Amino acid sequence: MQILVMTQLEAEEGPPPAVPYAHISILGPGWRTALPDVPHRLATLFLEYDDIRDEDAGGTPISEEQAREVVLFVTNLPEAVEVLVCQCRAGCSRSPATAAAVARILGMDEAPFFDNPNYAPNPLV
């Protein structure tokens with residue numbers, strides 16, 4: 001499975017993957033990504049938490065329940081899924097951190113999400 005990181009704008013306005021895919025969308029509380037309605041998106045998980053790096057800074061960090069949701073989502077994807085999109089507002093913090101966690105869950109290399117200079121994975125994810 002290929003794991004892609006996207007911004008909200010790319011997810012809403014860019015072409016979706018042309019193969020069967022799943023999507024994890026992460027935005028702050030009260031926000032929702034307007035994903036295109038395509039038949040080859042086989043599963044979607046919407047999460048709402050803030051991009052905060054210090055739990056004492058205020059805002060809503062990812063919860064343990066949401067982390068469990070990601071694990072259940074990823075481990076129960078339909079076999080036909082070829083691509084997993086991880087998307088947040090800017091595509092540089094929450095989504096690469098989630099992509100790295102997914103890679104670890106699936107036994108894949110998580111280094112591309114930590115070594116990419118365009119990413120600053122959120123350490124609370």
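V102 makes a good way in: setting aside neighbours within four places in sequence, V102 is in contact with I3, I24, V70, V74 and L84. Keep in mind that this is a predicted model. V102 belongs to helix 3, and two of those partners, I24 and L84, are among the residues that touch the most other members of the largest nonpolar core. From there we can look at the core, the strands around it, and then a few polar and charged side chains.

**V102 and the main core**

- With a relative accessibility of 0%, V102 counts as buried.
- V70 is one of its contacts; the C-alpha atoms of V102 and V70 sit 7.9 Å apart, although 32 residues separate the two in sequence.
- The largest nonpolar core has 23 residues, and I24, F73 and L84 are the ones that touch the most other members.
- Two or more residues of this core come from each of strand 1 (2–7), strand 2 (21–27), strand 3 (41–48), helix 2 (64–75), strand 4 (83–88) and helix 3.
- Helix 3 gives the largest share of this core, with four residues.
- Away from its own stretch of chain (neighbours within four places left aside), F73 is in contact with A22, H23, I24, A43, T44, L45 and L84.
- Apart from this core lies another one, made of seven residues, including Y21, V38, V83 and V85.

**Strand 2, covered on both faces**

- Seven of the seven residues of strand 2 are buried, so the strand is largely enclosed by the rest of the structure.
- Y21, H23, S25 and L27 lie on one side of strand 2, with A22, I24 and I26 on the other, and all of them are buried.
- Strand 2 pairs with strand 3 in the parallel sense, over seven bridges; one pair to look for is L27 with its bridge partner E48 in strand 3.
- Strand 2 also runs parallel to strand 4, and five bridges join them.
- Across that pairing, Y21 stands opposite V83, and A22 has L84 as its bridge partner.

**Strand 4, another enclosed strand**

- All six residues here get the buried label: six of the six residues of strand 4 are buried, so this strand is largely enclosed by the rest of the structure.
- Looking at which way the side chains go, V83, V85 and Q87 point one way from strand 4, while L84, C86 and C88 point the other way.
- Strand 1 and strand 4 run parallel and are joined by six bridges.
- Q2 is the residue that stands opposite V83 in that pairing.

**R94, a buried charge**

- R94 is in helix 3, which covers residues 94–105.
- R94 is buried yet has no salt bridge. D51 carries the nearest side chain of opposite charge, 4.5 Å away, and a salt bridge has to be within 4 Å.
- What the R94 side chain does reach is the backbone oxygen of Y49, at 2.6 Å.
- Beyond neighbours within four places in sequence, R94 is in contact with I26, L27, G28, Y49, D50, D51, C88, R89 and N122.

**Q66, a buried polar side chain**

- Q66 sits in helix 2 and is buried, with a relative accessible area of 12%.
- A polar atom of the Q66 side chain lies 2.9 Å from the backbone nitrogen of S63.
- Not counting residues up to four places away in sequence, Q66 touches L47, E48, Y49 and P61.
- Y49 is worth clicking on, as Q66 touches Y49 and the R94 side chain reaches the Y49 backbone oxygen.

**The salt bridges**

- Searching the whole structure turns up two salt bridges.
- One of them links E64 and R68, with the closest N and O atoms 3.9 Å apart.
- E64 and R68 are four residues apart in helix 2, so about one helical turn separates them. Both E64 and R68 are exposed.
- The other salt bridge brings together the side chains of R104 and E110, at 2.6 Å from N to O.
- R104 counts as exposed, at 58% relative accessibility.

Key. Residues numbered from 1 in each chain as written. Predicted model: local features only at pLDDT ≥ 70, side-chain atom pairs only at ≥ 80, totals over all residues. Heavy atoms only, no water. Buried < 20%, exposed > 50% of the residue type's maximum accessible area, 1.4 Å probe, protein only. Lys, Arg positive; Asp, Glu negative; His and termini not counted. Polar contact = N/O pair within 3.5 Å; in protein donor to acceptor, adjacent residues only side chain to side chain. Contact = heavy atoms within 4.5 Å. Core = buried A, V, L, I, M, F, W, Y, C linked by side-chain atoms within 4.5 Å. Pairing = 2+ DSSP bridges.
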